[in-house]
Amino acid sequence: MIYLVGIAHSYQRYDGEHDEKANQLKQYAEEIIVDKDILTLAEEYIEDLLKEDSETVLQKISNEHAELTHQFCEMSINERKAQGIKYYAEIRNDVWLREDRIPSDDEVEKTQRSFFPTREQYWLNCLKKHLGTNILFFCGADHLINSFPKLLDQNKIAYKILIKDFDDYHP
């Protein structure tokens, strides 16, 4: 079973600005690990973006509990580049340079969502390695609202959405 939690990526690590939410996320994850007998912690996060001596909330938990496995499920920066997957700022800059205008946020987000199928299939391939265990998976809240559950349904993979958007979680 895959247990899904939708998050803002800034909560996945301690950055000084969002530490309170990161602590809430850690506490919540630790409760779910016990309650749902979780053995695999997985997350949509680009490992390349972590600074030296830095770790995500789920990595921290995994490092504190030897019985847990941790899995990054997002493509590396080079893999994303090879697939033509762009970041928000890149999309904005491309439109500005190509068309001499600043695109709307909706336009940029629509382009970002066009990359979801490729990215989510990559995540699923990463998660398939752990399907014999209960998995706690953190991903961007937009994916739970729009598309990732559909991909799991198409592949007949059992899942439960625990929280669609961690911003709505109040301990």
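Cys126 is buried, with a relative accessible area of 7%. I should say at once that the model under discussion is a predicted one. Within that model, Cys126 belongs to helix H6, which covers residues 116–128. Setting aside residues within four places in sequence, Cys126 is in contact with Gln71, Phe72 and Cys73. Compare this with Asp106, which is 20 residues from Cys126 along the chain: the C-alpha atoms of these two residues are 30 Å apart.

Given that one of those contacts is a cysteine, I turn to disulfides. How many disulfides does a search of the whole structure find? The search finds zero. Cys126 has the sulfur of Cys73 as its nearest cysteine sulfur, at 4.6 Å, and takes part in no disulfide. A disulfide requires two cysteine sulfur atoms within 2.5 Å, so a separation of 4.6 Å does not qualify. Why is Cys139 not bonded to Cys73? The two sulfurs are 9.7 Å apart, which is too far for a bond, and Cys73 holds the cysteine sulfur closest to that of Cys139. Cys139 also counts as buried, at 0% relative accessibility.

Next, the nonpolar cores. In soluble globular proteins, nonpolar side chains tend to be buried together. In this model, the largest nonpolar core has 21 residues, and those touching the most other members are Val5, Leu41, Ile61, Leu136, Phe138 and Phe166. Two or more residues of this core come from each of strand S1 (2–7), H1, strand S2 (38–43), helix H2 (57–64) and strand S4 (134–140). Helix H1 gives the most, with six residues. As an example from this core, Leu41 is in contact, beyond its neighbours within four places in sequence, with residues including Ile33, Leu58, Ile61, Leu68 and Leu136. There is also a second, separate core of 16 residues, and among its members are Leu4, Cys126, Leu151 and Ile157.

Finally, I consider a charged residue of helix H1. Lys21 is placed in this helix, which spans residues 19–35. Which side chain of opposite charge is nearest to Lys21? That side chain is Asp167, 4.5 Å away; Lys21 is buried, yet has no salt bridge. The cut-off for a salt bridge is 4 Å, so the distance of 4.5 Å falls outside it. A polar atom of the Lys21 side chain does lie 3.4 Å from the backbone oxygen of Phe166. Not counting residues up to four places away in sequence, Lys21 touches Tyr11, Phe166, Asp167 and Tyr169. Phe166 thus links back to the largest core, where it is one of the residues touching the most other members.

How values were computed. Residues numbered from 1 in each chain as written. Predicted model: local features only at pLDDT ≥ 70, side-chain atom pairs only at ≥ 80, totals over all residues. Heavy atoms only, no water. Helix = DSSP H or I, 4+ residues; strand = E, 2+ residues; numbered from the N terminus. Buried < 20%, exposed > 50% of the residue type's maximum accessible area, 1.4 Å probe, protein only. Lys, Arg positive; Asp, Glu negative; His and termini not counted. Polar contact = N/O pair within 3.5 Å; in protein donor to acceptor, adjacent residues only side chain to side chain. Contact = heavy atoms within 4.5 Å. Core = buried A, V, L, I, M, F, W, Y, C linked by side-chain atoms within 4.5 Å.
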